[in-house]
Amino acid sequence: MKSRFLPTLLLASLLHGCVGPRLISFPYDPGGRSLNSPYTESNPKIAGRYIVFISDRRGSQDVYLYDTVTRYLLELPGLNAIDMVAESPAVSENGRFIVFTGNREGQSDIYFYDRDTRQLRNLTQTLKADVRNPSISADGNIIAFQSSEAGQWDIVFLQPLWATLEPTEPPLIKLF
């Protein structure tokens, strides 16, 4: 009887750590100054210590960035616009670069925001196609998204020249 008890106890203690996922909760703020609020939050993406998401807390679909270490929303001056509906955000691992789909007057484009320079840039302004679902590499050097340019949804990669933020047409590379 004793010989059965020890292996059963050992197995039970090992399985105790396999109970399931651990929920991590973030503060709720009725004033909308934290990650969770009484407003709609959607499309959350995590990279490193940052969570980027869309919320309607200012009356339009805007992009928000939350720092999980400091537990504060970060300011994004110059990113959100009253005349644009934002969706599908993504953030680089260091939190510097944010990409998202923005829709203005029925035209969807991929936008890039640099937190250091506080500049917002339309990366697909000259592309005559619908675009959606952008993502950004951890280091912020490559952006992938879907484009309907060929009459179907293809995955397209963009490697912009970050050294200059002057208006230039970024090169597009299509994978087959």
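Here's a quick run through one sheet, the largest pocket and the largest cavity of this structure. Keep in mind that the model is predicted. The sheet is an open one with four strands, paired antiparallel in the order 5-6-7-8. As for empty space, the largest pocket holds about 230 Å³, and the largest cavity holds about 40 Å³.

**The sheet**
- Strands 5, 6, 7 and 8 line up in that order, and the pairing is antiparallel.
- At the edges sit strand 5 (85–91) and strand 8 (119–122), each of them paired on one side only.
- On average, neighbouring strands here are turned by 25 degrees against each other, ignoring direction.
- Five bridges tie strand 5 to strand 6 (residues 97–104), running antiparallel.
- Across from alanine 86 you'll find glycine 102 of strand 6.

**The largest pocket**
- The pocket has 13 lining residues, and Arg58, Tyr64, Leu74, Glu75 and Leu76 are the closest to its centre.
- Strand 3 (62–67) and strand 4 (72–74) chip in with at least two lining residues each.
- By character, this lining splits into seven nonpolar, three polar and three charged residues.

**The cavity**
- Just one cavity of 30 Å³ or more turns up in the structure.
- Gln61, Asp62, Leu79, Asn80, Ala81, Met84, Ala86 and Phe100 line the largest cavity.
- That makes for a lining of five nonpolar residues, two polar ones and one charged one.
- Ala86 links two topics: this residue is part of the cavity lining, and it also stands opposite glycine 102 in strand 6.

Notes
Residues numbered from 1 in each chain as written. Predicted model: local features only at pLDDT ≥ 70, side-chain atom pairs only at ≥ 80, totals over all residues. Heavy atoms only, no water. Pairing = 2+ DSSP bridges. Axes fitted to C-alpha atoms, helices over the stretch in contact; angles between N-to-C directions. 1 Å grid on protein atoms, 1.4 Å probe; cavity = no way out; pocket = protein on both sides within 12 Å on 5 of 7 lines; lining within 4 Å. Points joined across faces, edges and corners; volume = space filled by probe spheres on them. Nonpolar A, V, L, I, M, F, W, Y, C, P; charged D, E, K, R; others polar.
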